[in-house]
Amino acid sequence: MHCIKLLGTTEPIAVGKIICLARNYVAHAHELGNEVPSEPVLFIKPASSIIGEGEQIVIPPYSDDCHHETELALLIGRRGKNIGAEQAMELISGYGVALDMTLRDTQAKLKEKGYPWELAKGFDTACPLSNFVPASQVSDPHNLRITLDINGQRRQDGTSSCMIRRIPETLAFISQAFTLEPGDIVLTGTPAGVSRVQSGDRLEAAIEGVGTLCVGVA
Ligand code: ZN
């Protein structure tokens with residue numbers, strides 16, 4: 001079982017599914033040469049892809065181009081199916097820092113053939129997560145600075161204010177297909193600045209008012 005911690009609570013929380021948004025920031029869609037989709041593009045990472053603070057990303061042998069994507073993570077605390085955007089924020093119990101590690105070379109091959117992306121985004125260690133802070137401590141999740149440093153050098157510096165689809169609409173959309181359940185996590189997409197990581201790198205992701213996440217690359 002893969003668990004995360006919500007600060008202020010004692011019991012670890014077992015993670016269900018991790019639902020991720022692709023291309024939710026215009027500048028990131030453009031840096032990869034993608035168009036901005038008219039409907040949200042979703043994919044799922046298995047809970048087995050989670051690692052925590054201080055752990056190591058292990059790049060699978062079939063890839064030579066692993067990228068970081070730094071993202072605001074939502075922790076779902078209440079069940080929701082076919083919810084409206086106006087109820088959606090009530091489902092969120094916490095916010096955290098996530099890295100959506102992506103094998104860009106593998107993803108490019110899969111995209112070319114129209115195949116699913118799981119080999120590129122769902123592998124073991126592909127989802128480093130920080131501890132979560134209670135939702136009540138984050139007054140405006142659409143106004144948070146998101147940064148990533150590798151070996152002390154800044155690679156990503158964006159803000160959640162640039163999300164194309166805001167959180168309530170995203171959760172409402174997701175809940176048409178997937179029942180949101182306590183312990184589920186939603187990754188909201190990455191700002192621009194993604195780049196390759198290498199063995200020995202030290203990644204330090206931070207979201208203002210939410211927390212930090214440090215992991216290495218094996
Ligand atoms: Zn992503």
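Student: Which residues of helix α3 are buried, and what does "buried" mean?

Tutor: In this predicted model, helix α3 spans residues 104-113, and its buried residues are Arg104, Thr106, Gln107 and Leu110. Buried means under 20% relative accessible area, exposed over 50%, and partly exposed in between (1.4 Å probe, protein chains only), while a helix is a DSSP run of H or I with at least four residues and a strand a run of E with at least two, numbered from the N terminus.

Student: What puts these buried residues on the same side of α3?

Tutor: They cover an arc of only 155° around the axis, taken from the directions from the helix axis to the C-beta atoms, so they lie on the same side of α3. On the other side of α3, Lys109, Glu112 and Lys113 are exposed. The buried residues are covered by elements including α1 (26-31), β7 (66-67), β10 and α4 (118-121), where contact means heavy atoms within 4.5 Å.

Student: Why are Glu69, Glu71 and Asp100 called donors of the zinc ion?

Tutor: Donors are N, O and S atoms within 2.8 Å of the metal (3.2 Å for Na, K and Ca), and the OE atoms of Glu69 and Glu71 and the OD of Asp100 lie 1.9 to 2.1 Å from the zinc ion, so they fit the definition. Glu71 lies in strand β8 (residues 70-76) and Asp100 in the loop between β9 (92-99) and β10 (102-103), so this pair ties together parts that are 29 residues apart in sequence.

Student: Why is Glu71 called buried?

Tutor: Its relative accessible area is 0%, which is under 20%, so Glu71 counts as buried; Asp100, at 0% relative accessibility, counts as buried too.

Tutor: Residues are numbered from 1 along each chain as its sequence is written, and side-chain values use heavy atoms, leaving out hydrogens and water. Local features need pLDDT of at least 70 and side-chain atom pairs count only at pLDDT 80 or more, whereas totals for chains, interfaces and linings use all residues.
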